[in-house]
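Here are my notes on the model, point by point. Please read them with the structure open.

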Amino acid sequence: MRIGVAATAPLGADVLERLAAGHEIAFLLTRPDAPRGRGRKLAPPAAKETALRLGIPVHQPEKPELPAEAERVVVCAYGLYLPSRVLAQSLFLNVHPSLLPRWRGAAPVERAILAGDAETGVTIHETVAELDAGPIAAQEAFPIGDLDAGGVFARAGEIAARLLNDVLEQPTFTPQPEEGATYAEKIAPADRELLLDDPVDALRRVRALSPHIGAWAELHGRRVTVWSAHLDEKGAFVPEVVQPEGRNRMTYDAFLRGLK
């Protein structure tokens with residue numbers, strides 16, 4: 001079976017690597033290189049770096065086009081809308097890191113943590129024109145617990161590869177219910193600000209945006225990104241790893257010593 005993969009972000013890179021361990025991947029369809037980092041130099045997407053390391057052909061069109069025939073195309077964190085004319089060329093199976101129909105859209109992991117959901121999961125569904133609304137081939141839940149977004153993505157990648165192995169050859173689809181559908185909007189600047197008078201919300205915000213986006217607060221007169229934190233025995237918010245503007249990450253204790 002010729003399998004293509006459409007992926008861009010780190011979750012897609014993880015699923016690509018796991019799939020390549022047991023399947024021949026015909027190609028990677030990914031987004032063009034984009035400016036990244038302080039110097040804004042062009043850098044390849046995470047999925048491209050993985051594909052090049054594994055010797056998988058990479059295609060980066062501005063608009064989605066399949067570079068070759070494929071019996072299945074696995075879509076995971078690709079980031080571009082796939083039009084109907086492309087979807088008609090193969091069976092597209094989308095990996096979505098939520099329990100659809102909850103958290104359709106761009107930021108399902110972050111929104112699940114921000115909302116205080118007890119669990120999330122992975123859904124494998126057919127890619128259709130409507131956003132994350134296709135019929136479901138497989139789904140598995142897992143508890144969020146104390147995981148940050150990075151931990152959720154890692155768990156999701158592991159589960160996604162296992163579920164795909166079960167359904168790639170002969171998927172059986174169940175229509176996705178509309179009841180309970182919610183939309184996971186992109187993370188906006190306002191989502192990044194910590195509300196320190198609400199410690200529970202602040203901790204969720206730190207976990208939802210770590211290690212890839214970052215939540216910030218004014219601490220001792222300095223704007224600081226907080227990468228990890230906990231609540232003490234009295235329920236107060238305690239930063240653990242922080243990053244003052246223009247500086248590297250450091251422990252909160254080191255930050256406090258620097259103020260003195």
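**Notes on the predicted model**

1. Trp-103 counts as buried, at 10% relative accessibility. The cut-off for buried is under 20%. This residue sits in the loop between β7 and β8. Its phi is near 65°, a positive value in a residue other than glycine. The model is a predicted one, so please look at this backbone closely. Most residues other than glycine have a negative phi, and most peptide bonds are trans.

2. The loop between β7 (91–96) and β8 (104–105) also holds Pro-101. The peptide bond from Leu-100 to Pro-101 is cis, and omega is near 15°. Check this bond along with the phi of Trp-103, near 65°.

3. Where is the other positive phi to check, that of Asp-132? Asp-132 lies in the loop between β9 (119–126) and β10 (136–143). Phi is near 50° here, in a residue that is not glycine. Asp-132 has a relative accessible area of 10% and is therefore buried.

4. Ser-210 and Pro-211 are joined by a cis peptide bond, with omega about 15°. Pro-211 belongs to the loop between α6 and β12.

5. Now the sheet. It is open and has seven strands, in the order β5-β2-β1-β6-β7-β9-β10, with mixed pairing. β5 (58–59) and β10 are the edge strands, each pairing on one side only. Strands of a sheet pair through backbone hydrogen bonds, either parallel or antiparallel.

6. How does β7 pair with β6, parallel or antiparallel? Strand β6 (residues 72–76) and β7 run parallel, joined by five bridges. Val-74 has Leu-93 as its bridge partner in β7. Val-73 has Phe-92 as its partner there. With β9, β7 pairs in the antiparallel sense, over four bridges. On that side, Val-95 is bridged to Ile-124 of β9.

7. How many residues of β7 are buried? Six of its six residues are, and the strand is mostly covered. Leu-91, Leu-93 and Val-95 point one way. Phe-92, Asn-94 and His-96 point the other way. Asn-94 and His-96 are thus worth a look, since they are buried as well.8. Helix α1 (residues 10–20) and helix α2 (residues 46–54) are packed together: their axes come within 7 Å and cross at roughly 25°. Angles under 35 degrees count as roughly parallel. The two helices are therefore roughly parallel to each other. From α1, the residues in contact are Pro-10, Ala-13, Leu-16, Glu-17 and Ala-20. From α2, they are Ala-46, Ala-47, Thr-50, Ala-51, Arg-53 and Leu-54. By class, this contact has eight nonpolar residues, one polar and two charged.

9. Which residues of α1 are buried? They are Leu-11, Gly-12, Ala-13, Val-15, Leu-16 and Leu-19. Ala-13 and Leu-16 also appear in the contact with α2. The cover over the buried residues of α1 includes β1 (3–7), β2 (25–29), α2, β6 and α5.

10. Helix α6 (residues 199–208) has these buried residues: Asp-201, Ala-202, Leu-203, Arg-205, Val-206 and Ala-208. They pack against α4 (108–114), α5 (149–167), β12 (215–219), β13 (222–231) and β14 (237–244). Two charged side chains, Asp-201 and Arg-205, are on the buried list.

11. Arg-205, in helix α6, deserves its own check. At 12% relative accessibility, Arg-205 counts as buried. What does its side chain reach? The backbone oxygen of Asp-191 is 2.8 Å away. Beyond neighbours within four places in sequence, Arg-205 is in contact with Leu-114, Ala-190, Asp-191, Arg-192, Glu-193, Leu-194 and Ala-215.

Methods: Residues are numbered from 1 along each chain as its sequence is written. This is a predicted model: local features need pLDDT of at least 70, side-chain atom pairs count only at pLDDT 80 or more; totals for chains, interfaces and linings use all residues. Side-chain values use heavy atoms; hydrogens and water are left out. Axes are lines fitted to C-alpha atoms, for helices over the stretch in contact, and angles run from 0 to 180 degrees between N-to-C directions. Angles under 35 degrees count as roughly parallel, over 145 as roughly antiparallel, 65 to 115 as roughly perpendicular and the rest as oblique. Contact means heavy atoms within 4.5 Å. Buried means under 20% relative accessible area, exposed over 50%, partly exposed in between (1.4 Å probe, protein chains only). Two strands pair if DSSP finds at least two bridges between them. A polar contact is a pair of N or O atoms within 3.5 Å; within protein, one must be able to donate a hydrogen and the other to accept it, and residues adjacent in sequence count only if both atoms are side-chain atoms.
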